[in-house]
Amino acid sequence: MNKVRKIIPAVSVAVVRGKTVLLVKRARPPSQGLYAYPGGKVETLAQAAARELKEETGLQAKDYRPLRDIHIDGRAEHHAVDYLLTVFGAAYVGGEPAASDDAETAAFYTLAEMAAMPLAGDVFEVAEELLGPAQAAER
């Protein structure tokens, strides 16, 4: 018999600056050691997206819009819970990325650079939606 697992709402933010998108290298599970969009657990989706971006990178963004929901099964990394991650898109407003809180690193990357990186889940597909199809980036 399958036990029903608790699902925790979470958010992440894909911030676009020119032809780049911001990624952080996750310092803790889930997805530890992989590059992903800054994010975390939520109070309300819109408030959490802005808060997590500020806490993990020091950046400010505007025009937050939900892009997709992703179910993250925590069992793969021995988590007791699953996550329902709402990925937001946003436009860069100001600041330089500085890793803090859950982030080990924080920087803007092109699609070509991202193609050679260990990425979490749908990170590359979301970046292509925001930046346009990868021309020279072979995934």
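Where is glutamate 52 found? Hi everyone, let's start there. Glutamate 52 sits in helix H1, which covers residues 45-57. Please keep in mind that this is a predicted model.

Is that glutamate buried or exposed? With a relative accessibility of 6%, glutamate 52 counts as buried, because the cut-off for buried is under 20%. As for its surroundings, once we set aside neighbours within four places in sequence, glutamate 52 is in contact with Gly39, Gly40, Lys41 and Asp101.

Now on to the backbone, and the loop between strand E2 (20-26) and strand E3 (35-36). Proline 30 lies in that loop, and the peptide bond that joins proline 29 to proline 30 is cis, with omega at about 0°. Serine 31 is in the loop between E2 and E3 too. What is the phi of serine 31? Serine 31 has a positive phi of about 65°, although this residue is not a glycine. Serine 31 also counts as buried, because its relative accessibility is 15% and buried means under 20%.

There is another positive phi to show you. Histidine 78, again not a glycine, has a phi of about 60°. Where do we find histidine 78? Look in the loop between strand E5 (60-72) and strand E6 (82-94). Histidine 78 counts as exposed, because its relative accessibility is 76% and the exposed class begins over 50%.

So, to put the two side by side: serine 31 has a positive phi and is buried, while histidine 78 has a positive phi and is exposed. Thanks for listening, everyone!

Technical notes: Residues numbered from 1 in each chain as written. Predicted model: local features only at pLDDT ≥ 70, side-chain atom pairs only at ≥ 80, totals over all residues. Heavy atoms only, no water. Helix = DSSP H or I, 4+ residues; strand = E, 2+ residues; numbered from the N terminus. Buried < 20%, exposed > 50% of the residue type's maximum accessible area, 1.4 Å probe, protein only. Contact = heavy atoms within 4.5 Å.
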